[in-house]
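Let's take a walk through a protein model together. Have the sequence and the 3D view open, and look for each residue as it comes up.

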Amino acid sequence: MLLSPFRLSPNIHCLPVVNGSGDCALAVRRWLLGHQCDCLAVALPGSFQSAVLDGVEQLPSPSIVLQQPSVSYEQ
């Protein structure tokens with residue numbers, strides 16, 4: 001395995017993420033599929049906190065949190 005500046009310990013890796021970047025999303029997906037992980041931690045925006053915590057309370061049943069787009073692309 002290649003050494004990485006984002007490897008904090010043998011069991012902890014940090015992956016940089018650029019929100020909205022398809023290339024970044026694919027790179028992270030490839031990394032996750034190529035490595036065994038026991039858990040994954042991601043930043044939780046405040047606007048999602050309540051809905052995500054409600055979903056956690058419903059575990060092990062699956063749930064999904066959606067957010068309406070805040071930008072209109074109509075002219």
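Start at Cys37, which is partly exposed, with a relative accessible area of 39%. Keep in mind as you look around that this is a predicted model. How many disulfides does a search of the whole structure find? The search turns up 0. A disulfide is a covalent bond between the sulfur atoms of two cysteines. Now check the distances: Cys37 is in no disulfide, and the nearest cysteine sulfur, that of Cys39, is 7.9 Å away. To count as a disulfide, a pair of cysteine sulfur atoms has to be within 2.5 Å.

Next, hop over to Cys14. Its closest cysteine sulfur is also in Cys39, but at 12 Å that sulfur is too far for a bond. Cys14 is partly exposed, with a relative accessible area of 35%.

Now for Leu15, in the loop between β2 (12-13) and α1 (22-34). Is Leu15 buried, exposed or something in between? Leu15 is partly exposed, because its relative accessible area is 32% and partly exposed covers whatever falls between under 20% and over 50%. And what does Leu15 touch? If you leave aside its neighbours within four places in sequence, Leu15 is in contact with Val28 and Trp31. You can also try a distance here: Leu15 and Leu32 are 17 residues apart in sequence, and their C-alpha atoms are 9.8 Å apart in space.

Move along to the segment after α2 (49-57), where you'll find Leu59. Leu59 is exposed, with a relative accessible area of 56%. It also has company: Leu53, Val56 and Leu59 form a nonpolar patch on the surface, and together they have about 280 Å² of accessible area. While you're at Leu59, take a look at the backbone. The peptide bond from Leu59 to Pro60 is cis, with omega near 10 degrees. Pro60, like Leu59, sits in the segment after α2.

Stay in the segment after α2 and find Glu74. Glu74 counts as exposed, because its relative accessibility is 72% and the cut-off for exposed is over 50%. How far apart in space are the C-alpha atoms of Glu74 and Asp54? They are separated by 33 Å, with the two residues 20 residues apart along the chain.

One last stop: the confidence scores. The protein chain averages a pLDDT of 83, and 92% of the residues score at least 70. Which of the chain's elements has the lowest mean pLDDT, and which the highest? Strand β1 (residues 7-9) has the lowest, at 84, while α2 has the highest, at 92.

Conventions: Residues are numbered from 1 along each chain as its sequence is written. This is a predicted model: local features need pLDDT of at least 70, side-chain atom pairs count only at pLDDT 80 or more; totals for chains, interfaces and linings use all residues. Side-chain values use heavy atoms; hydrogens and water are left out. Patches are made of residues with over 30% relative accessible area and no salt bridge: like charges are joined within 9 Å, nonpolar side chains (Val, Leu, Ile, Met, Phe, Trp, Tyr) within 5 Å. Accessible areas come from the Shrake-Rupley method with a 1.4 Å probe; for residues, only the protein chains shown count as cover. A salt bridge is a side-chain nitrogen of Lys or Arg within 4 Å of a carboxyl oxygen of Asp or Glu. Helices (H or I, at least four residues) and strands (E, at least two) are DSSP runs, numbered from the N terminus. Buried means under 20% relative accessible area, exposed over 50%, partly exposed in between (1.4 Å probe, protein chains only). Contact means heavy atoms within 4.5 Å. pLDDT is the predictor's confidence in each residue, from 0 to 100.
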